[in-house]
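I wanted to look up the nonpolar core and the aromatic pairs of this model. My entries follow the structure.

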Amino acid sequence: MKLFLELFPIIIFFGVYKYTGDIITATAVLIPATILSVGYTWIKTKKIEKMQIVTLVLIIVMGGATVILKDKTFIQWKPSVLYWLFAVVLIGSQFIGQKTIIQRMLGAQIDLKANIWKKLNIAWFLFFTGMGALNLYVVFNYSESTWVDFKLFGATGLLFLFLLLQGLYIYKNSETQDTPPSP
C-alpha cells in the first residue's frame with residue numbers, strides 16, 4: 001500500500017498528461033494528488049516521513065511555479081533537485097555523526113559492518129547524483145512526452161533495479177546470514 005501511495009501522484013500525472021497532452025494541466029493535478037497521498041498517509045499512520053515532506057514541498061513549490069508561470073522547466077527540474085538533495089544528505093552523513101543515514105534507516109533490521117554501511121551510503125549517493133543528471137539529460141535531449149515516460153517507467157525502473165542490486169549486496173555482506181558450521 002505504501003508503494004502505491006508513493007506512486008499514485010506520478011501515475012495520476014502520467015495519466016492526465018497522456019490524456020490531455022498538456023504538462024501544465026498534468027502538473028496542476030499532480031499537486032493535489034500529492035497532497036491527498038501524503039494526507040492519507042498521515043490519517044492512517046499519524047506520521048509522515050521526512051522524504052515525503054521534502055517531496056511534497058518541492059512539488060508544491062516547483063509544480064506551483066510551473067502552473068502559475070506556465071513553464072514546464074520547473075516540474076522537469078524537480079526530480080533532479082530532489083535527487084540531489086537526497087545525495088547531499090547521504091554524503092553529509094558520511095561525515096556527520098557515528099552512523100550514515102542508510103545505517104540509521106536500516107540498521108535495526110540489518111546487521112552489517114561499518115565499512116559496508118559506508119559503501120551502501122556512497123552507492124546511494126552516486127545513484128541519486130546520477131539520476132539527477134540523467135533526468136536533465138532526458139529533459140534537454142528528448143521530447144516532453146519522452147521525459148514523462150522516463151519519469152514513470154525509466155526512473156522507477158532504475159530505482160527498482162538499484163534496490164534489487166542493493167538487496168543482493170546486503171544479503172552477500174550480512175552479518176546474520178546463515179554460515180555453514182566450521183569442521
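The entries below take the core before the ring pairs.

I worked on a predicted model, where local features need pLDDT of at least 70, side-chain atom pairs count only at pLDDT 80 or more, and totals for chains, interfaces and linings use all residues. Residues are numbered from 1 along each chain as its sequence is written, and side-chain values use heavy atoms, with hydrogens and water left out.

Core. I looked up the largest nonpolar core (buried Ala, Val, Leu, Ile, Met, Phe, Trp, Tyr and Cys residues joined through side-chain atoms within 4.5 Å; buried is under 20% relative accessible area, with a 1.4 Å probe and protein chains only). It has 39 residues, and Phe13, Ile23, Leu112, Leu120, Trp124, Phe128 and Trp147 touch the most other members. Helix H6 (114–141) is among the elements that give two or more residues, and H6 has the largest share, 9 residues. Helices here are DSSP runs (H or I, at least four residues), numbered from the N terminus.

Ring pairs. I found 11 aromatic pairs in the whole structure. Rings of Phe, Tyr and Trp (its six-membered ring) pair if their centres lie within 6.5 Å; planes under 30 degrees apart are stacked, over 60 edge-to-face, the rest tilted. Tyr83 and Phe128 are stacked, because their centres are 6.0 Å apart and their planes at 25°. This pair joins helix H4 to helix H6, 45 residues apart. Trp124 and Phe162 are edge-to-face, at 4.6 Å centre to centre and 85° between the planes. Both Trp124 and Phe162 are buried. I noted that ring pairs link Tyr83, Phe86, Trp124, Phe127, Phe128 and Phe162 into a cluster.

Notes
Buried means under 20% relative accessible area, exposed over 50%, partly exposed in between (1.4 Å probe, protein chains only).
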